[in-house]
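Me: I'd love a close look at one part of this protein, with the surroundings filled in afterwards. Here is what I have open on my screen.

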Amino acid sequence: MNKIKILILLFLGISTFTYAQNCNCESNFQWVKKTFEENDAGFQYVIDKKGLSAYNAHNTEFLNKIRNVKSDVECTQTIYQWLKFFRSGHIAISPYQTQNTSQTNNNSKLKDSKPWESVKVDFKKFEKYINSKKEADIEGIWETSSYVIAVKKFDNVYKGFIVSAKGLENWKPNDLKFQIGADKKSGTYYLRNKNSQEVKNVELIGKNYLVIDEFTLKRVSPKFENDKAIDTYFKSVATQKPFLEEINNSTLLLRIPTFDGSEKKYIDSVLDANKQKIESKENLIIDLRNNGGGSDNSYSRLIPYIYTNPIRTVRTQMYSTELNNKRMLDLYENYEKYGISKEDREFLKKAYDKLNANLGKFVTIQGNDDGQIISEEKLDKVLPYPKNIGIIINNNNGSTTEQFLLAAKQSKKVKLFGTTTMGVLDISNMNFVDSPCKEFQLGYSLSKSLRIPDMAIDEKGIQPDYYIDKSIPEYKWVDFVNGILNEK
């Protein structure tokens with residue numbers, strides 16, 4: 001398989017498409033509508049499925065909404081909801097990063113005009129008290145990446161208060177960070193900018209992890225014995241980098257949080273450092289939970305481990321328009337910026353010329369005009385180890401991760417465990433273009449899979465071989481897979 005022909009399909013290009021006009025919400029909406037209709041690879045596919053009358057009704061409804069929006073934020077949110085008529089993934093209305101960063105920094109420094117509630121505690125007495133506790137509960141001292149927080153029960157409420165906050169001027173020691181009812185089912189959590197958020201779920205997992213909705217706190221004191229499986233789970237949730245751990249004498253766990261192109265070197269590094277281990281263990285668990293995709297090239301070094309027979313990959317077609325083809329030209333002209341080798345650069349020019357010669361058409365740029373709808377990857381050998389591979393998946397897996405799963409499912413070694421994936425693969429390869437007054441970027445898709453309609457993934461997802469139901473908490477998923485792989 002020619003890797004550059006896959007890699008090329010996964011870079012995010014940013015082009016500029018502007019025309020002179022006044023930028024209000026309605027004009028921005030009309031620009032998005034026109035740009036999407038003329039350039040998105042999935043537009044006509046959805047119109048054919050849902051019908052033109054449904055689309056016209058959708059446009060009328062949203063134009064009325066657009067004319068009544070009250071703010072720029074409401075405008076972009078409404079435009080994004082309009083896009084969801086077409087699909088749930090590979091679409092975007094994105095504010096510029098510089099705006100995001102500025103807003104985040106400003107929010108983190110907000111100060112209230114009124115004094116913040118301070119929790120009055122003799123901290124030395126509190127430390128002595130919690131260190132004498134023999135049973136684990138939510139009282140104690142906890143930490144996150146930004147805070148150290150003490151939790152103490154006062155009558156019928158648990159109060160979490162600041163011990164220290166890293167680089168956050170608006171949080172002082174003893175400031176109230178959250179409070180939770182004695183039933184541990186409700187409460188209030190104060191965000192970094194001190195806005196309040198209702199607490200809907202509180203859970204003590206094991207003895208050393210406190211989960212409050214999407215926030216996870218790790219116990220500092222009192223000290224309780226660690227549970228390795230739980231520690232590994234929370235390490236997996238928190239990490240931005242891949243890692244490998246030994247579960248037992250026969251099984252390894254490989255965690256890959258993302259297939260982003262920038263992470264390929266780290267994935268390859270983990271595989272290189274552990275090559276002997278991987279090729280000598282009977283079982284390999286690959287945890288891909290919440291891996292939303294990235295670049296096919298990032299998983300290329302995993303293929304030899306899963307391979308048992310030729311892997312057939314259905315090709316994609318690029319939708320050729322002047323705007324879309326600028327992305328290909330940008331990759332060619334700035335190949336070093338995108339990490340493309342000189343050897344592979346020539347393919348980009350040939351692809352650009354082929355696309356430009358076929359404006360308004362879907363074009364296959366893979367396979368050197370061999371007319372085939374599939375590519376087939378054959379390796380010279382099948383590795384004896386690992387013998388069994390369990391891949392853990394969930395509904396946050398999409399795009400490139402789903403492409404990897406389609407390849408992995410063809411192996412006799414592989415079984416999928418977890419829940420159905422997101423289903424955002426058929427219409428893919430996003431391109432981002434600036435709005436007329438550079439207030440936001442529209443993200444749309446450049447390619448359509450030739451799997452459509454016989455094996456569509458979008459809005460359906462990929463199902464696991466072993467469904468992990470809700471009776472098994474997420475921190476026990478690895479144990480569940482490990483038990484099945486090691487069952488004799």
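In which loop is P386 found? Please start there, and then walk me through the other features that catch your eye.

Reply: Happy to. Please keep in mind throughout that this is a predicted model. P386 is found in the loop between β18 (374-377) and β19 (388-393). The peptide bond that leads into P386 from Y385 is cis, and its omega is near 0°.

There is another cis bond to look at, between S221 and P222, with omega at about 0°. P222 also belongs to a loop, the one running between β11 (215-221) and α8 (228-238).

While we are on backbone geometry, two lysines deserve a visit. K184 has a phi near 60°, which is a positive value in a residue other than glycine. You will find K184 in the loop between β6 (176-181) and β7. With a relative accessibility of 32%, K184 counts as partly exposed. K438 is not a glycine either, yet its phi is positive, at about 55°. K438 sits in the loop between β21 and β22, and at 44% relative accessibility this lysine counts as partly exposed.

From K438, step into strand β22, where S445 has its place. S445 has 0% relative accessibility and therefore counts as buried, the cut-off being under 20%. If you want a long-range distance from here, the C-alpha atoms of S445 and A57 are separated by 23 Å, with their positions 388 residues apart along the chain.

Strand β22 also brings us to the nonpolar interior. The largest nonpolar core has 45 residues, and V32, F36, W82, L83, F86, I365 and L442 are those with the most contacts inside it. At least two residues of this core come from each of α2, α3 (43-50), α4 (52-66), α5, α12, α13 (342-356), β21 (427-434) and β22 (441-449). A second core, separate from that one, has 33 residues, including I391, L405, V414 and L416.

Now for the aromatic rings, which form 25 pairs in this model. One of them joins F29 and W82 edge-to-face, with 5.5 Å from centre to centre and 90° between the planes. F29 belongs to helix α2 (residues 25-39) and W82 to helix α5 (residues 72-83), so this pair ties together parts that are 53 residues apart in sequence. Both partners are shielded from solvent by the numbers: F29 counts as buried at 2% relative accessibility, and W82 is buried with a relative accessible area of 0%.

A further pair is made by W116 and Y190; the ring centres are 5.0 Å apart and the planes meet at 85°, so this one is edge-to-face as well. Here, too, distant parts of the chain are linked: W116 is in the loop between α6 (97-108) and α7 (123-131), Y190 is in strand β7 (residues 187-190), and the two are 74 residues apart. Y190 is buried, with a relative accessible area of 16%.

Go back to F29 and W82 for a moment, since they belong to a wider group: ring pairs link F29, F36, F43, Y55, W82, F85 and F86 into a cluster. Among these, F36, W82 and F86 were also named for their contacts in the largest nonpolar core.

Rings meet charges in this model too. The charged end of K235 sits over the ring of F243, at 4.2 Å from the ring centre. Likewise, the charged end of K241 sits over the ring of Y266, 3.7 Å from its centre.

Last, some empty space. The structure holds 1 cavity of 30 Å³ or more, and the volume of the largest cavity is about 40 Å³. Its lining is made by M318, Y319, N324, N325, R327, M328, L355 and L446. Two elements give two or more residues to that lining, β16 (316-319) and α12 (322-333). The largest share, 4 residues, comes from α12, a helix that also supplies at least two residues of the largest nonpolar core. Sorted by class, the lining has 5 nonpolar, 2 polar and 1 charged residues.

Technical notes. Residues are numbered from 1 along each chain as its sequence is written. This is a predicted model: local features need pLDDT of at least 70, side-chain atom pairs count only at pLDDT 80 or more; totals for chains, interfaces and linings use all residues. Side-chain values use heavy atoms; hydrogens and water are left out. On a 1 Å grid over the protein atoms alone, a cavity is a set of points where a 1.4 Å probe fits but cannot get out, and a pocket is an open set with protein on both sides within 12 Å along at least five of seven lines; lining residues have an atom within 4 Å of a point. Grid points are joined across faces, edges and corners, and a volume is the space filled by probe spheres set on the points. Ala, Val, Leu, Ile, Met, Phe, Trp, Tyr, Cys and Pro count as nonpolar, Asp, Glu, Lys and Arg as charged, and the others, Gly among them, as polar. Rings of Phe, Tyr and Trp (its six-membered ring) pair if their centres lie within 6.5 Å; planes under 30 degrees apart count as stacked, over 60 as edge-to-face and the rest as tilted. Buried means under 20% relative accessible area, exposed over 50%, partly exposed in between (1.4 Å probe, protein chains only). A charge sits over a ring if NZ of Lys or CZ of Arg is within 6 Å of the ring centre and within 35 degrees of the ring normal. A nonpolar core is a set of buried Ala, Val, Leu, Ile, Met, Phe, Trp, Tyr and Cys residues joined through side-chain atoms within 4.5 Å.
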